[in-house]
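Student: I would like to learn how to read a model of this kind feature by feature, with the general idea before the particular case.
Tutor: Then let us open it and go through it together.

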Amino acid sequence: MDMNGSERIEAPVEVVWRALNDAEILRQCIPGCERLDKASDTEMSATVVLKIGPVKARFEGAVELSNLDPPHSYTISGEGKGGLVGFAKGGADVSLTADGPQATILTYTVKADVGGKIAQLGSRLIDSTAKKLAAEFFSVFGEKAAGHALAATDAG
Amino acid sequence: MNDMTLTKEQREARLEGMGCKRKRVEDIRFTQGRGNYVDDVKLPGMLHGDFVRSPHPHARIRSINKDAALKVPGVLAVLTADDLKGVNLAWMPTLAGDVQMVLADGKVLFQNQEVAFVVATDRYAADDGVNAVEVDYEPLPVLVDPFKSMDADAPVLREDLEGKMTGAHGPRKHHNHIFEWTVGDRDLTDAAFRKAEVTIKEMISYHRTHPSPLETCQSVCSFDKIKGELTIWGTFQAPHVIRTVVALISKIPEHKIHVIAPDIGGGFGNKVGAYPGYICSAVASIVTGRPVKWVEDRIENLTSTSFARDYHMTTEIAATKEGKVTGLRVHVLADHGAFDACADPSKWPAGFFNIVTGSYDFPTAHLAVDGVYTNKAPGGVAYRCSFRVTEAAYCIERGMDILAQKLGMDPAELRLKNFVRPEQFPYQSALGWEYDSGDYHTAMRKAMETVQYEDLRKEQAAKREAFRRGETREIMGVGISFFTEIVGAGPSKNCDILGIAMFDSCEIRLHPTGAGIARVGSKSQGQGHETTWAQIIATELGIPADDIMVEEGNTDTAPYGLGTYGSRSTPVAGAAIAMAARKIRAKAQMIAAYLLEVHEGDLEFDIDGFRVKGLPERFKSMKEICWAAYNSIPPGMEPGLEAVSYYDPPNMTYPFGAYICVMDIDVDTGVYKVRRFYALDDCGTRINPMIIEGQVHGGLTEAFAIAMGQEIRYDDNGNVVTGSLMDFFLPTAVETPHWETDFTVTPSPHHPIGAKGVGESPNVGGVPAFSNAVNDAFSFLGSTHIQMPHDFWRNWQAAKTLGALG
């Protein structure tokens, strides 16, 4: 399943890019993320609790950043195993465009797949849940990144 | 004697024999919660098994780590394919001549495939153990669409078959090809198409669905190490076959295997096959020395034990301008999933699909079936139908409607024009069957008169005009189905399972007081055998049905039989019952002659005893004869009154019926209403009309489910997305329409009591009636064929595609 969207963020491209590479900010933005540990600049491990319809499970998995083109775009992808419940994998192509000096348009294309029991029981809810989660991620990210920019300005 | 004070009618009524609407004797225990199902079997020290299943539809298994699972309190063992290899059971033979993994050996081939078997002291601990088994998978490309299975670059599913270009049914054309099966005269058929004035061609799919009995598949295995005996309680439609299969693959001598099928909560074909759960619970019992129970949950049942259908039928009919059919050409792409575990008689890879000429006199026909592997659950069972007969009936009944549409002819008229005529029976079909008896025209006309068919068509025409004028958003469809089944497998000349001829059997013992027991090789799953079998004996022997106990399902006591599926119980076991009863009656006649001091030939059977011809007062009742059989038998005769019969049927039986469905569909919402459903069945001699009616109600309800929404659907990634009753349609009283039943009687000429079987007719005939009603409703908007299942959403989609939405 694929979905697209965009967010306007009140922060310069450079600041948004830094936020996109900040594990702590990503942790706060990924819905249900309990833990996100950085293994390298592009590799992280994560624990995410995901609920689709009647199925709720804790997924252990890896998050990877690739196709890096600072400060314009990258691909963030993740793959998690939820034991008996199945597995989930997904990714987003994210790109940033300046909207004047103090704002950025973030556009994303998300691809997500689930398998196992979570797909069997929640099939009719997967699309809507994935859309909701993606929207939630990018809107929270927008706020955090803007807050980040504000904090940076205040400090300066 | 007392009986003589009763009238003939009273004596007959007292027997509750054939033709009587006798109440079901098994319902006394079922309605009081006293049934005894496999899950009611509780043995001292019994363990519980549960499966680790694959979330991936196609993946290599890098490793399986049992350590954490073995530390879960209560877990005693975790079996994997490597463990089963030690006893040569990692793979097992299927009924279709293929092999199937018992536990995943190196890779998984469908989602929810069995990967490991966890054995624990209770089911909860087993589940915890399942959760703790760590399996490392390497996902592989997934093959879901059968039409892509034989592409050059299609992934190799069955690595075990690499290089084997010949399967159980001949050459394989591709690494995902299972078999090609052809019947009929290709040249003659091609010639008929070349000469045809009118032809139609349509790809008609019969989607994958599942029998989904209320009770899932289950087993309890108990191995006695001291005696070396294995006892298996299981949900088996064919207990003797299971015993033989277990003997062949386990090397335990067959007399030391006891298979017991207790009460079964519905089978519908799902409980014919042998499943990994049976094997694993048996091996686990042998390993632990304790009884092991395995009970499938609902998701496991829907996603792993045998599915049904998944036939994609490219159908062509040739005809004259006047609507006389001249040829039929069908190609089927059959999706068998990951293993060919299709439950058909061994020589029939596509079952009896060659009944596809249906009720019509096709001078020539040709059929080719290609079976293919995909990353889906294995199976291909006959879900409430004889082997692939419902697919065949759907194919031809849809095809005839499409032809009628092309000819601009009424579909009922087209059928009447092409029916096999009564005088043509026994009728030799172009695809090799000999239909035993039928009177199609009478049945069809009776159905049309009852529903006032002409008036329905007039109403439909008026409604279509009103729709065009924008006065209504509702469209009306009239669905006709005139099916001919082929049931009662079957004659040893062409039917066997693993080499065992498909006869059936009965043993009757009459006791001194005139009561008795009948043990039969069939196995009821709700069909009411305890009631109807006793009725056959009551009529044949003149003993009240209430005095006959019927027992099935215990391989130690029942004579060898091939079980119950494919509507074979009445045609085969029912015949064995009548034949065993007749053997007893012959001996009873000799005893009666001795008692009455006359020659045997001077006696005639009269309802419940023997009478001297012409001397009505000289009479011996069967009750008296039973007593005499144990104390005053003729000199030289052995005492007792019992007989066994193994019946090898000379032919199949061919029940038929005329069904008409009237449906209204709201084009803006896709919501349909079944306004009327009329089902006329001809199953030959009727043993218990109430049970027949119940069978027809149940079968129509399942047909309604299948046609109107029930489906096992996979997404593009190979996930089963209809794995629970949230998404898999099982109609309740809320959705189920009202059924009208009717009948004609055309007895089978070769069956001892003329009976043909009925349990599956309503499913076979029902599905095309519903689908034809939907298709008929939409046809005036320009469609020729809309694929099943016809749920609200698909109806709305059809309306949208046809431009019928405002």
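The dialogue below takes up confidence, domains, helix packing, the contact between the chains and some details of the backbone.

Student: What pLDDT does each chain average, and how does the predictor score the complex?

Tutor: This is a predicted model, and confidence is the place to begin. Chain A has a mean pLDDT of 87, with 96% of its residues at 70 or more, while chain B averages 96, with 100% of the residues scoring at least 70. Within chain A, the lowest confidence is in α3(A), at a mean of 81, and the highest is in helix α1 of chain A, residues 13–20, at 93. For the complex, the predictor gives an ipTM of 0.83 and a pTM of 0.95.

Student: How many residues does each chain give to the contact, and which element of chain A gives the largest share?

Tutor: The contact takes 13 residues from chain A and 14 residues from chain B. On the side of chain A, the elements that give two or more residues are β7 (104–115) and α3 (117–155), and α3(A) supplies the largest share, 6 residues. Sorted by class, that side of chain A has 4 nonpolar, 6 polar and 3 charged residues.

Student: Which domains does the assignment give for chain B?

Tutor: A domain may be built from separate stretches of sequence, as the assignment for chain B shows: domain 1 covers 8–35 + 504–647, domain 2 covers 38–140 + 216–264 + 271–296, and domain 3 covers 308–489 + 652–801. The centres of domain 2 and domain 3 of chain B, taken over C-alpha atoms, are separated by 38 Å, and 14 residues of domain 2 are in contact with 19 residues of domain 3. The side of domain 2 that touches domain 3 divides into 6 nonpolar, 7 polar and 1 charged.

Student: Are α10(B) and α18(B) roughly parallel or oblique to each other?

Tutor: The angle between the axes decides the term, with angles under 35 degrees counting as roughly parallel. Helix α10 (residues 389–407) and helix α18 (residues 761–779) of chain B pack at about 30°, with axes 9 Å apart, and α10(B) and α18(B) are therefore roughly parallel. The crossing of α10(B) past α18(B) is right-handed. Among the residues that meet are Tyr394(B) and Arg398(B) in α10(B), and Pro768(B) and Asn772(B) in α18(B); by class, this contact has 6 nonpolar, 8 polar and 4 charged residues.

Student: How does α17(B) pass α18(B)?

Tutor: The axes of α17(B), residues 689–708, and α18(B) come within 7 Å and cross at roughly 40°, and α17(B) and α18(B) are therefore oblique to each other. This crossing is right-handed. The residues in contact include Leu700(B) and Phe704(B) in α17(B), and Val767(B) and Phe770(B) in α18(B), and the contact divides into 10 nonpolar, 5 polar and 1 charged.

Student: Which peptide bonds are cis, and where is a positive phi found?

Tutor: Most residues other than glycine have a negative phi, and most peptide bonds are trans. The bond from Pro70(A) to Pro71(A) is cis, with omega near -10°, and Pro71(A) is in the loop between β4 and β5 of chain A. A cis bond also joins Phe425(B) and Pro426(B), with omega about -5°, and Pro426(B) lies in the loop between α11 and β21 of chain B. Asn112(B) has a positive phi, near 75°, and its place is in the loop between β6 and β7 of chain B.

Notes. Residues are numbered from 1 along each chain as its sequence is written. Chains are lettered from A and ligands numbered from 1 in the order in which they are written. This is a predicted model: local features need pLDDT of at least 70, side-chain atom pairs count only at pLDDT 80 or more; totals for chains, interfaces and linings use all residues. Axes are lines fitted to C-alpha atoms, for helices over the stretch in contact, and angles run from 0 to 180 degrees between N-to-C directions. Helices (H or I, at least four residues) and strands (E, at least two) are DSSP runs, numbered from the N terminus. Angles under 35 degrees count as roughly parallel, over 145 as roughly antiparallel, 65 to 115 as roughly perpendicular and the rest as oblique. A crossing is left-handed if the near helix is turned anticlockwise from the far one by less than a right angle, and right-handed if clockwise. Two residues are in contact if their C-beta atoms, placed from the backbone, lie within 7 Å. Ala, Val, Leu, Ile, Met, Phe, Trp, Tyr, Cys and Pro count as nonpolar, Asp, Glu, Lys and Arg as charged, and the others, Gly among them, as polar. Domain bounds come from an automatic or database domain assignment. pLDDT is the predictor's confidence in each residue, from 0 to 100.
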